[in-house]
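Reader: I should like to go through this structure with you, chain by chain. Could you keep the answers plain and give the cut-offs as we go?

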Amino acid sequence: MTATTWRRDRLGYLPYLVPGLALFTGVIGVPFAMNVAVSLTEWDGVGTPAWAALANYRELAGDGEFWSSFRNNVLVIVAMAIVPTGIGLVLAALLTDLVDRHFGPRPASVLRACLYLPQVLPVVIAGVVWSWLLDPDDGAVNAVLGAVGLDALAHDWLGDPATALWTVMVVMVWVQIGFPLVVFMSGLQRVDPSLYEAAEIDGASWARRFRHVTVPQIRPEIFVVLLWTTIAALKVFGPIYVLTKGGPGGATNVPSYYSYQNFFDKTDVGYGAAISTVLTLIIVALTVVFLRAQNAAEPEPS
Amino acid sequence: MTERSAGTIAARAGGVPALGRRGGGKRRRGPSAYATLVALVALAAVMLIPFAVVLLNAVKTPEDYSANGPLAPPERVSFEAITGFWERVGFGQVLLNSALISGSVAVLAVLLSVLNAYALGIGRIKGRMWVLAVLLLANTLPQESLVYPLYYLSKQVGLYDTRLSVIIVFTVIQSAFGTYLLSSVLGAFPRPLLEAARIDGAGRWRVLWQVVVPVIRPTLAVLAVFFFVWTWNEFLIPLVFLVGNDNQTVSVALGVLQGQRLMDATMSSAASLLGLLPTVVFFLIFQRTLSRGLTAGAVK
Amino acid sequence: MIKARRGAALTAALAAGSLALTALAACGGGGESDPNELRLWHYESPDSAMGVAWNQAIKEFERTHPGVKVKFEEKGFEQIQKTAPMVLNSKDAPDVMEYNKGNATAGLLSKQGLLEDMTAEVAKRGWDKLLAPNIQVTSKYDARGTMGGDKWFGVPNYAEYLVVYYNKDLFERHDVKVPTTYPELLAAMDAFVAKGVTPFANAGAEYMAQQFIYQLALDRANPAWVDAYQRYTVKANLTDPAWTYAATTFADWVKKGYIARSSVGGKAEDAGSAFMRGDYPMMFSGSWWFGRVAKTVRFDWDTFVWPGSKLTLGSGGNLWVIPKGSKNKKLAYDFIDITMKKQIQNALGNAGGIPVAADPQAITDPRTKRLVENFDSLSRNSGLAYYPDWPVPAFYDKWVAAGQKIMNGSGSPASILGEVQRAYDDGVPK
């Protein structure tokens, strides 16, 4: 195609963006602008806001609780993004390359459904059930440890500040594995099985097929899942709210829980708006960096 | 489509060995294959333990729960928690509301994502990375920051306390993920397929629906499932937008049980069970579409 | 390409279908007001004392107001707490609803002008004669939204306070005397610990721990101290001797084993369930457990007020408030009037709650009688000290964190209290 036809061609795709952008402006764009406006005021949710310029942001810059909650969030990213993506990738490859091919698609589907199910359970209920399981006196986890003779490891998982965050991370991994798994498995449906055949005929082991066939083929999905779970980790709220409410003693506090407290518990809406604006900007910056990296890695169509 | 790929599709759908693909009959299953299968089944069982706990508690009487604790099996099976909750919140109506909202969002958000991703991934318009970053804002914004502005806007247009407002909001929010995933997938879409169709004289619209969509159908099914499940479990926005009890969704109705100081454990478990089942059913239905579908091998 | 066309047709059908459904969903908005309909919201469970009494009140209302129906909607506590300012500001506001008492809740709404000023009507109907002064404090708010003010914004039907629930069977089995004074309480706890039994149930992740701390502080305090803390009459010092004693003693109790260290992450529901299962001889918590304990436990039990103190946690209960935008104010007042009548108040008492204006002879169950009588004498002597998380919005989480730090020993009591002081100072109305 010539350069001009290509350019004309590309413009012709613009109308497809119209519904998306129009809805976006109304539902997200305008409210975000309003949110930024509110962050420049003192307001408790009712009546007229009082102009405060950058007072909220100045207060936020010096707010130790806010910035220390980011430290916790880094570990949350590991638990909600990196680990589930890695595990999900391996499981997806196992289910597709091994179980599906050797035992048929039915077992693979059943296993996938079981592994995805934690995503379906409402976070509130998951939190309550896990707190039962992790109860230091009557909980199943300590009971099982006792039954196999590992009594010494029995612990107050959620109550001890040293273990609380790690315990919450394990629960998060439990919740999150299903998401990457399903996305990767759907992506692997696109892979031509003859590629696996050829590799196997060449004598490649499962691990080598994984690295040289599976991973490159679903690279778009991997990028998407990583970014998405990282964003979710930066916004995480539900599990913290239910399991520990940011405790014990602030050991599991995260930025979005802090923002939520300001919006609703304190009705310090101006400050809450400032927090969420800053949080959004951080996430956007991360997103742009990530998208750039993804673009660079993507092979251009010939 | 060649015979070979047709056979491949049949193989994927039904586990029937394809000609020239498996050399007649299932592969030899070595001991390592069995070992992996056992490990995976064990993992799946562990994942399901909390569900078993919910089920146990949903069929207990409150006295049983108080006497024996949450992790003991029920002394006798009783459905009073389930029926009690159903009547207390008018669960039939609540289910309908959730199904209506989640179902609509699932379909509409997928549609919106397809349209967006087509322009971004295949159309490759200029500045597509920035457009994508902007659209992603829909999901990166913490929901608390949207609540007050959307409350005011919805009051202005008279949509406060309607399910339509919730549908619109979530369609936009969920389509962010759909746009991102699909534009990444479509970015790697095999060009020869598109060229072939264009040479045949198909316009952009026809190429979208007759060439692109059939190939990415598994991904669309995945998106539909995700959107349904995510919207079903959404709490904050339905809480704020849906005031009258006629409009409540399942997640909000669950909140009725969470008193300020007391929580009714057996009824909460019963409620979760009731709220779970539709999403599980939805997922199982769509499982079949996830496994079936044309592979990109159709090119050859 | 038949498959593709079928696929496209299916997609089109789905889209059309969902758009039609969406149009359906557009209906269901707004509340039109109807002079023959009283819109009533509350968030108490139907088998609680309040739920039972209020159902009766609804029937009584419909009987005395022929032609008027009560449209009752049971809400969730969290939904009301989060969305009240928004709902009350819209045309969907109900005619009368239950709302939490306190500066951060009813006080805030009254300050924002969302609640009807009931002062005139209260005087006219004589409700102020029915309610003890201690209880009226949480019904009246001033212009800053602080309780104990001059204008009435809500009417409580019930009250609540903290008691020690105790398991008589366990006391007998371990040969421990039921305490009537504070030294006897300490002796009883020592006796239990010696027998290997943890005396008190506790929930470190929720309200129970902070209520212990507050009570211990109250043991060294007086009504003026409470006023300073709760109503900002003078600047409150959260590191003063009373508070320091409380924090140190609580930490000490954890070390001595009076309270299990492992309860630091526990929830109130689990603590209550454990007590009702007979795992702990005592539970120090609110009268809101009373009905459930009565129905559930399989052992002999009773309650006593925290020994040795003139002050204990407690207050008037949640309030009936009337939104400014209510269209049926007269009907709403009528309804509240009915809930204050002896018939309904007695029903509330007999269902296990603490009524504010019942006939003392009408309560039949001896345990309930004792519960109510103890409360009445407390409130007559201005012994209600409200709750530790009331003074400042979002204070609850701060107190939970502080309680957990004290239990875990992560910091000196002085430093932990200092953090709480900072949050208090930040949130006090200027």
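Reader: Among contacts in chain A between residues at least 6 apart in sequence, what percentage join residues at least 24 apart?
Author: In chain A, 69% of those contacts join residues at least 24 apart. Two residues are in contact if their C-beta atoms, placed from the backbone, lie within 7 Å. This is a predicted model, in which local features need pLDDT of at least 70 and side-chain atom pairs count only at pLDDT 80 or more, while totals for chains, interfaces and linings use all residues. Residues are numbered from 1 along each chain as its sequence is written, and chains are lettered from A and ligands numbered from 1 in the order in which they are written.

Reader: And what is the figure for chain B?
Author: For chain B, residues 24 or more positions apart account for 73% of the contacts with a separation of 6 or more.

Reader: How many helices and strands are there in chain A?
Author: Chain A has 15 helices and 2 strands. Helices (H or I, at least four residues) and strands (E, at least two) are DSSP runs, numbered from the N terminus. Along the principal axes, the C-alpha atoms of chain A fill a box of roughly 75 × 70 × 30 Å.

Reader: How many of each in chain B?
Author: Chain B has 14 helices and 0 strands.

Reader: What share of each chain is buried?
Author: In chain A, 51% of the 302 residues count as buried; in chain B, 53% of the 300 residues do. A residue is buried if 20 or more other C-beta atoms lie within 10 Å of its own, exposed if 12 or fewer, and partly exposed in between, with C-beta atoms placed from the backbone.

Reader: Back to chain A. Where is the kink in H2(A) centred?
Author: The kink is centred on Thr25(A) and is about 45 degrees. The bend at a residue is the angle between axes fitted to the seven residues ending there and the seven starting there. Helix H2 of chain A covers residues 18–39, and its 22 residues reach 30 Å from first C-alpha to last, close to the 32 Å expected at 1.5 Å a residue. That expected span is 1.5 Å times one less than the number of residues.

Reader: Which residues of H2(A) are buried?
Author: Among them are Gly20(A), Phe24(A), Val27(A), Ile28(A), Pro31(A) and Phe32(A).

Reader: How many residues does the contact take from chain A and from chain B?
Author: It takes 82 residues from chain A and 86 residues from chain B. The side of chain A that touches chain B has 55 nonpolar, 19 polar and 8 charged residues. Here Ala, Val, Leu, Ile, Met, Phe, Trp, Tyr, Cys and Pro count as nonpolar, Asp, Glu, Lys and Arg as charged, and the others, Gly among them, as polar.

Reader: Which residues have the most contacts inside the largest nonpolar core?
Author: They are Val110(B), Tyr118(B), Phe227(B), Ala53(C) and Phe250(C), in a core of 320 residues. Helix H5 of chain B, residues 91–122, gives the largest share of this core, 19 residues. A nonpolar core is a set of buried Ala, Val, Leu, Ile, Met, Phe, Trp, Tyr and Cys residues joined through C-beta atoms within 7 Å.

Reader: Leaving aside neighbours within four places in sequence, what is Val110(B) in contact with?
Author: Val110(B) is in contact with Gly178(B), Leu220(B), Leu223(B), Ala224(B) and Phe227(B).

Reader: Lastly, how is chain B divided into domains?
Author: Chain B has domain 1 (30–78) and domain 2 (90–299), with bounds from an automatic or database domain assignment. Their C-alpha centres lie 31 Å apart.
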